[in-house]
Amino acid sequence: MMRELTHNFNAIYSSRYSHRVLKTSFLCVVCLRYHKMTRPADAMSLQMVSAVSNSSLLQPGSSLLNFDGHVFFFGQKGWPKRSCPTGVFFLDIKQNELKMKPAAFSRDSCYLPPLRYPAICTHRVSGESDKHQYIIHGGKTPNNDLSDKVYIMNMVNKTTKKTTFQCIEKDLDGDVPEARYGHTINVVHSRGKSMIVVFGGRSYIPLAQRTTEKWNSVVDCLPSVFLIDFEFGCCTSYVLPELQDGLSFHVSVARDDTIYILGGHSLQNNTRPPSLYKLKVDLPLGSPAVTCSILPGGISVSSGIVTQTGDTEFVLVGGYQSDNQKRMICNTIVLEDNKIEIVERASPDWTPDIKHCRMWFGCDMGKGSVLLGIPGANKQLISDANYFYILRCNRAEEDEEEELTAQACSQASTEDQGDSTPFEDSEEFSFSAEASSFDFDDTDTYNEDDEEDESETGYWIVCCASCNIDINTWVPFYSTELNKPAMILCSSGSGHWVHAQCMDLSERMLLRLSEANVKYFCNEHVDLNKGLQTPKKTVHLKKQPMKRLHKKKTMKLTTPVKKSFLRRLFE
């Protein structure tokens, strides 16, 4: 086949064209066509991307949101910084380079903390078939606190320079699911109504059982199924006899009124059972009815990633099949006629770095694409840096990208480079490429190097030898603290910041020092400061005695001679 295409090209080329640039363009198209015809139908492509900005925010437990083909990152490591207080970034992937641009929230939005390992699903907006919103429940905050809230995210505005979201917190009532992470959330539709379904996950042990040694110990949540009314926020829990053990980090796919739960990890038994459950939710006029059935053909997998490639087709990639073994096999999940079919499909050509790494993580990017990450080498300057790959499971999307590549190659090759002006001096250079390939606002690209690193010179420094402030275990101590510890400036030398909690300052004293214009010295420099100070010379003022208004005159004593004279005089 390749030989026939080349033969046809040589005939056309020799008879009509004489420019070598046309030959390069045509060969590019021929190679792409030949690649499509010889590629298997279920082949997947793996492509490495380089992170231009600091990729330390992308860590296991993060989530990706796809709005109208644009991918956004949510759930960063640590609390948001000044350059992006929302903690939501637009992932701009162009020419195998990944850039992060901060997104904004509307004024009527609520506060959305960066949550890791939350449950996320999409829901179509009523009345608008082409617009959807994301439902977020649970997850871990940077302080290791678990969330029990439900947030709804909508994209209200998207321009080349700025993206604005609206985030609303949903009020819940009734059997509210406890705070958890590593669970799943889905939306089912039955009889013209919709309902949110929450299942699985992990939570901390009860507060009465938490001690210093077991403060962060987690257990599997009870295997209860929670239904949440999307409109009113009413929650109802159901205990089903088929669900005996708690599951976390499982996979769930939904279609109409049915949810399929696949795999998962049981913390109590430390196993990954090859389970497959079928939840069916009926929403009549009265109370909802929930039934569960156990199906054969399950898969032993935890932390798997599911991406949708068609109306009824999904692809399962990644995850673990044991504590020390990754699951390198990929599967296709088809939901048709009220049944599920799971078949193994050809895996991509994994790179040696992916094959030999002990852990990996990833997120669904939407439209059949998955973002995979593996830990970087220890010799890297940044310890938290990761390597990222894009796995494309949808052949239609890959063919479309190849067509765009072929067109760009053809357009670039049809010009005569010998007669044209160099690109650097051409006035039409900015109009010869696609508009989407330009960065209209490079200043919006997020780069952590542009601001102070708070892990070293910010709020999470080691201020003294007895400092016990840790970003992973810190909880607010003063009433004025929200997501960062209170600090105060020590005036010793050029000055340095210390934590008020490490200095054993009371809240009253901290407020007084912040309001008063006085110098403060930390516990390590207060004695040294006293020793270096030279005592000021005090000048004693001379006090003038005050004159009395009515001063009594002292009587003079008379001599005996004067006394005898006066006696004789009066006689």
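Start by selecting V150, and you'll find it standing opposite K170 in β10. Keep in mind as you click around that this is a predicted model.

Now widen the selection to the two strands around that pair. β9 covers residues 150-158 and β10 covers residues 163-170, and the two run antiparallel, paired over eight bridges. Zoom out a little more and they turn out to belong to an open sheet of five strands, ordered β6-β10-β9-β8-β7, with mixed pairing. Colour 104-105 and 119-124 next: these are β6 and β7, the edge strands, and each has a single partner, so one side of each is left without a neighbour in the sheet.

Next stop: β4. Select residues 88-94 and switch on a surface; this strand is mostly covered, with five of its seven residues buried. What does β4 pair with? On one hand there is β3 (residues 70-74), antiparallel over three bridges. Pick F73 and look across to F89, its bridge partner in β4. On the other hand there is β5 (residues 97-102), also antiparallel, joined to β4 by six bridges. Here L91 is the residue to click, with M100 as its bridge partner in β5. Then follow the chain round the β4-β5 hairpin, where two residues sit between the strands: Q95 takes a positive phi near 55°.

Time for the inside. Which residues touch the most other members of the largest nonpolar core? Select V498, C502, M503, L505 and Y520, out of 20 residues in that core. Add β31 (487-490) and α6 (507-515) to the view, since each supplies at least two residues of this core. Now centre on Y520 and show its contacts. Leaving aside residues up to four places away in sequence, Y520 touches I488, L489, C490, S491, V498, M503, L505 and L513. There is also a second, separate core, made of 18 residues; V225, L227, L243 and Y277 are among them. As a rule of thumb, nonpolar side chains in soluble globular proteins tend to be buried together.

Finish on the outside, with a nonpolar patch on the surface. Select F565, L566, L569 and F570, which together have about 480 Å² of accessible area. L566 lies in helix α8, so display residues 560-570 as a cartoon to see where it sits. Is L566 buried, partly exposed or exposed? Its relative accessibility is 38%, so L566 counts as partly exposed.

Technical notes. Residues numbered from 1 in each chain as written. Predicted model: local features only at pLDDT ≥ 70, side-chain atom pairs only at ≥ 80, totals over all residues. Heavy atoms only, no water. Pairing = 2+ DSSP bridges. Helix = DSSP H or I, 4+ residues; strand = E, 2+ residues; numbered from the N terminus. Core = buried A, V, L, I, M, F, W, Y, C linked by side-chain atoms within 4.5 Å. Buried < 20%, exposed > 50% of the residue type's maximum accessible area, 1.4 Å probe, protein only. Contact = heavy atoms within 4.5 Å. Patch = residues over 30% accessible without salt bridge, like charges linked within 9 Å, V, L, I, M, F, W, Y side chains within 5 Å. Areas by Shrake-Rupley, 256 points an atom, 1.4 Å probe, with all protein chains shown as cover. Salt bridge = Lys/Arg side-chain N within 4 Å of Asp/Glu carboxyl O.
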